[in-house]
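Here is a friendly walk through one model, from its chains and their contacts to the sheet and strands of one chain. Keep the structure open beside the text as you read.

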Amino acid sequence: MLPTSSSPQSTLLTGPAAWWDTLIASTKKELLIMLRYPVEFVASFAQVFLIVIILTLAGLMFSENGVRSEGNSTMAGLVIYGFILFMFLSDTLWGIGYNVRREQKQGTLEQLYLSPASKFLTMLSRITITLIWTGSLCILSAMLMSAMIGRLPFANLPLGLLILTLALSGTFGTGFAFAALTLRVREAGQTIANLAQFAFMVLCAPFFPFSALPEWLQNVSRVIPLSYGVDAFRSTLMGFPNGYPELAPLGVEIAIVVAFGLAMPVLGFWLYQREEDHARKNGSLSEY
Amino acid sequence: MTATTYKPPTPGQQLSALLAETRLRMLNISRYPGQLVMEIIIPIVFAAMPMLLGRATAGADAGANFKANTGTANYVAFLLIGSNVFTLVSNAFWHIAYWLRFEQETGTLEAVYLTPTSSLTLASGVALYSVIRGLVAALLAYFVGCLVFRVNPFEGDIVLALAFIVVGLIPLYGIALLFGALVLKVKESNALINLMQWGVGFLMGIFFPITVMPPFVRFVALLFPPTWMTNGVRSALLGVGFFFGQWYLDWAVLWAFLLIVPLFSFWAFNRVEGNLKRNEGVGQF
Amino acid sequence: MNGQVIVENLTKTYLTKQRKGLFKSEEKKVEALKGVSLEIKPGEIFGLLGPNGAGKTTLIKCLTTLLLPTSGRAVVNGYELTKQDNAIRATVGCMLMGERGLYWKLSGRENLVFFGALYHLRPAARQQRADEIIERLNLGEIADRAVETYSSGQKMKLAFAKALINDAPLLILDEPTNTLDLPSAHELRAVVRDLNRQGKTVIYTTHIMSEAETLCNRVAIVDRGEVLALGTVDNLKASLGREAVIRIEGVISTEASQAVGRLPGVSRAVAAATNGHSQLTVVAQDQAATLPRVIETLAAYKAVMQKITPEEVTLEDVFIARTGRTLADDTRVK
């Protein structure tokens with residue numbers, strides 16, 4: 001016989017303790033799964049390094065002495081700080097957004113919905129993993145790039161970190177919104193994620209100054225809040241060299257980034273809950 | 001009761017099975033037109049990254065600096081060639097190496113192995129589909145990219161460039177099959193293929209000449225057919241310079257790869273396959 | 001109504017697209033549940049019996065909050081469906097989707113502990129509960145291996161184990177013995193009986209008639225989104241009244257079966273192919289009077305009768321009597 005609990009409530013957590021426990025358990029689960037793909041673990045570091053080296057060497061081909069060029073602090077700041085935000089957006093799209101699809105295919109999405117645990121907390125666990133994992137990759141990549149193209153400028157660090165935090169918050173909210181989209185479009189989410197990634201690469205100018213884009217494209221960039229995140233973040237840390245920030249005055253950019261960082265997570269999660277209801281109405285939670 | 005006598009498939013039957021596989025893949029991808037469009041856009045966007053950075057930081061000296069470092073001032077074509085050859089490499093890895101693992105994961109690999117058609121025939125069918133898809137995407141992306149960035153896409157010796165591509169494709173798919181065998185064994189397909197494609201992308205000098213690499217790395221790069229393909233196309237169209245100075249010498253090297261690499265890859269693949277059948281079976285994932 | 005589960009007029013309608021050509025598709029309305037009403041009493045094992053596509057899983061998914069019903073009302077463990085969904089989830093243990101729904105890279109034990117966390121069990125409690133379940137279900141040998149290494153049957157057992165992690169008063173098991181071998185299926189049913197003796201209410205869906213007959217206190221026969229009959233097994237069998245069942249095995253053509261169906265006194269004649277030959281099930285008013293006429297008719301159609309068995313009524317016979325089809329028929333809307 002299986003023993004049953006004589007007072008079931010005594011074995012249950014409630015309130016904030018329950019939320020915290022769910023967050024820890026979900027984060028631990030994701031971490032365990034990640035570590036059990038050892039090739040992926042190693043490959044993701046190696047892949048990032050290769051991409052960094054490829055893009056850096058490509059950029060150096062335009063320098064007067066090519067790979068023997070002396071360090072260029074502005075170029076380093078432009079590329080590396082933009083790269084950091086690009087990494088987070090990419091990992092958010094795939095790790096938070098498309099992860100819903102992975103759970104759906106595996107059949108575990110329905111299992112999560114059978115439990116009373118908060119869906120927001122399971123999403124938050126993905127954010128925790130992204131922060132740890134992508135954060136580590138960004139630091140290591142920044143060190144490598146810095147060694148290749150120039151010393152990283154570190155002016156206005158507190159303001160820079162604040163802008164980064166808000167930009168990341170907005171990015172994570174975008175991830176929630178993308179998770180909502182993935183619930184609706186399922187496998188087509190992969191194509192859309194690729195498209196979004198590449199649109200970001202062009203329109204949010206993470207690897208080059210906005211001035212390199214034609215004027216009409218710059219106007220499109222101005223419509224995307226994340227562009228201001230990229231511009232404000234790197235301009236701040238580069239110490240506002242001439243012409244930076246590029247898209248709008250700093251005060252305006254910071255206001256946009258604050259609004260984006262506060263509103264997007266709320267909007268993104270609201271969209272996700274809407275799609276959840278839609279999926280429960282049409283029975284697509286388990287479709288794979 | 002009359003015993004049925006088995007007759008091995010004729011070349012015609014093998015070809016028919018090969019073409020059936022190709023047709024199946026074509027039908028499948030036709031249901032995802034967005035993906036096909038992405039394959040044209042992605043190489044252009046990818047090549048645009050260093051281009052825009054370079055132009056912004058070097059300004060009016062961009063062309064001159066680029067010529068000093070690579071042998072040509074036409075950085076648009078140089079970068080587009082690199083990203084489009086990379087598209088071919090990427091397609092080869094994802095369509096061949098990942099195809100095997102995908103069939104294993106979904107359980108259809110065992111079903112395939114139950115038929116009298118050899119897995120290598122089917123792999124060839126997938127390769128044919130991949131070549132068609134990759135070539136069309138690469139050529140369109142190069143053409144469109146040149147138009148977007150306003151350079152002449154017909155500059156240089158196009159026939160010679162195509163000759164390098166066509167001869168280079170077979171050993172490229174041979175390498176993909178080799179990595180496919182590795183993927184069957186290691187099983188973490190996505191991560192491995194991503195790493196391999198970027199590794200080869202780096203070694204082939206996707207956006208830079210391999211002369212910028214340290215000597216040992218350069219030597220390793222020269223062991224990969226895509227390196228010779230990329231440089232061959234660039235030399236034919238942009239005049240950056242063949243590795244051995246003459247086009248026919250570089251082309252001969254590609255022919256040597258064409259003869260050796262597929263044979264080695266088939267041997268390696270058969271060994272891995274045999275190992276799997278003796279141990280956990282091809283369906284075990 | 002004092003039921004543990006009360007369902008009132010529950011409906012679920014889907015809109016699906018049917019391809020009509022390369023670019024054309026047509027919207028089609030599918031009524032997966034049509035006004036289902038039933039009540040499940042505390043402490044009973046309640047069976048939902050029906051063929052594939054009958055609506056059993058759709059009903060289960062509505063009751064476990066995975067699906068939003070189109071209309072109707074349900075109360076589960078005293079909580080109102082769609083209004084108190086989290087409370088329902090916390091008080092129900094479910095086994096759905098068989099072997100899917102497990103994290104492949106985690107071990108069995110890790111899966112159980114993780115899901116225990118999602119049910120807000122304290123860390124020590126969920127470890128203990130996982131250990132108890134592993135021991136009871138004889139999963140000890142495989143519990144610490146990654147789920148991706150398990151066989152189908154082992155994954156099913158683990159999925160069942162997962163349904164027990166929160167020690168819920170209501171257990172919902174959707175075809176839990178699918179893909180299990182006979183000893184494992186027998187063991188699982190024994191555990192279900194044990195749990196029921198401890199006071200748990202169980203909803204058990206199956207398309208295997210013998211399981212419903214031996215395990216369930218009451219059974220609802222479901223077909224095409226409707227409850228056709230509900231009652232204890234004995235009552236359902238008795239509902240065929242004076243009707244009797246004759247089973248004939250042999251080589252019987254479709255025309256012969258149809259001719260038998262038209263005979264006076266025959267309520268239904270349903271043919272099925274089993275193990276390479278036909279089986280004709282005839283439900284008739286008066287077995288003694290009907291049997292000679294049936295044999296005569298079959299002989300006239302040159303049927304080969306290898307075995308004639310007047311039989312005790314089974315639940316499948318009740319199903320056949322109500323629907324004209326067997327439980328083996330797949331009624332999923334294509």
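Domain bounds come from an automatic or database domain assignment. For chain C, that assignment gives domain 1 (5-237) and domain 2 (241-312). The C-alpha centres of domain 1 of chain C and domain 2 of chain C lie 37 Å apart.

Before going further, please bear in mind that this is a predicted model. Its scores are ipTM 0.87 and pTM 0.76. Within chain C the pLDDT averages 87, and 94% of the residues score at least 70. Confidence in chain C is highest in strand β4 (residues 71-76) of chain C, at a mean of 95, and lowest in helix α11 (residues 315-323) of chain C, at 81.

**How the chains meet**

Two pairs of chains are in contact, and of these, chains A and B share the most contacts. Chain B and chain C, by contrast, are joined by no contact; their closest C-alpha atoms lie 8 Å apart.

Let us take the contact between chains A and B to begin with. It draws 35 residues from chain B and 35 residues from chain A. On the side of chain B that touches chain A, the elements giving two or more residues are α2 (33-58), α3 (62-70) and α8 (189-203) of chain B. Of these, α2(B) provides the largest share, 16 residues.

Now for the contact between chains A and C, which takes 35 residues from chain C and 35 residues from chain A. Here α2 (85-90), α3 (108-118), α4 (123-136) and α6 (182-197) of chain C each supply at least two residues of the side of chain C that touches chain A. The largest share of that side, five residues, comes from α3(C).

The table sets out the residue classes on the two sides that touch chain A.

| Side touching chain A | Nonpolar | Polar | Charged |
|---|---|---|---|
| Chain B | 23 residues | ten residues | two residues |
| Chain C | 21 residues | five residues | nine residues |

**The sheet of chain C**

What is the strand order of the open sheet of six strands in chain C? The order is β6-β7-β8-β3-β9-β10 (chain C), and the pairing is mixed. At the edges are β6 (92-95) and β10 (226-232) of chain C, each of which pairs on one side only. From one strand to the next, the twist averages 15 degrees.

Inside this order, strand β3 (residues 45-49) of chain C pairs with strand β9 (residues 218-223) of chain C in the parallel sense, over four bridges. If you would like a spot to look at, C:F46 stands opposite C:R218 in β9(C).

Two helices lie across strands of this sheet. Helix α1 (residues 56-63) of chain C lies across β3, β7 (170-174), β8 (201-206) and β9 of chain C, and runs at about 150 degrees to β7(C). Helix α6(C) lies across β3, β7 and β8 of chain C, running at about 150 degrees to β8(C). This α6(C) is also one of the helices that supply at least two residues of the side touching chain A.

**An antiparallel pair in chain C**

Strand β11 (residues 244-251) of chain C and β14(C) run antiparallel and are joined by seven bridges. One place to see this is C:G250, whose bridge partner in β14(C) is C:M305.

Why does strand β14 (residues 304-311) of chain C lie largely in the open? Of its eight residues, the number buried is zero, so β14(C) lies largely in the open.

Notes:
Residues numbered from 1 in each chain as written. Chains lettered and ligands numbered in written order. Predicted model: local features only at pLDDT ≥ 70, side-chain atom pairs only at ≥ 80, totals over all residues. Contact = placed C-beta atoms within 7 Å. Nonpolar A, V, L, I, M, F, W, Y, C, P; charged D, E, K, R; others polar. pLDDT = per-residue confidence, 0-100. Pairing = 2+ DSSP bridges. Axes fitted to C-alpha atoms, helices over the stretch in contact; angles between N-to-C directions. Buried ≥ 20, exposed ≤ 12 C-beta atoms within 10 Å, placed from the backbone.
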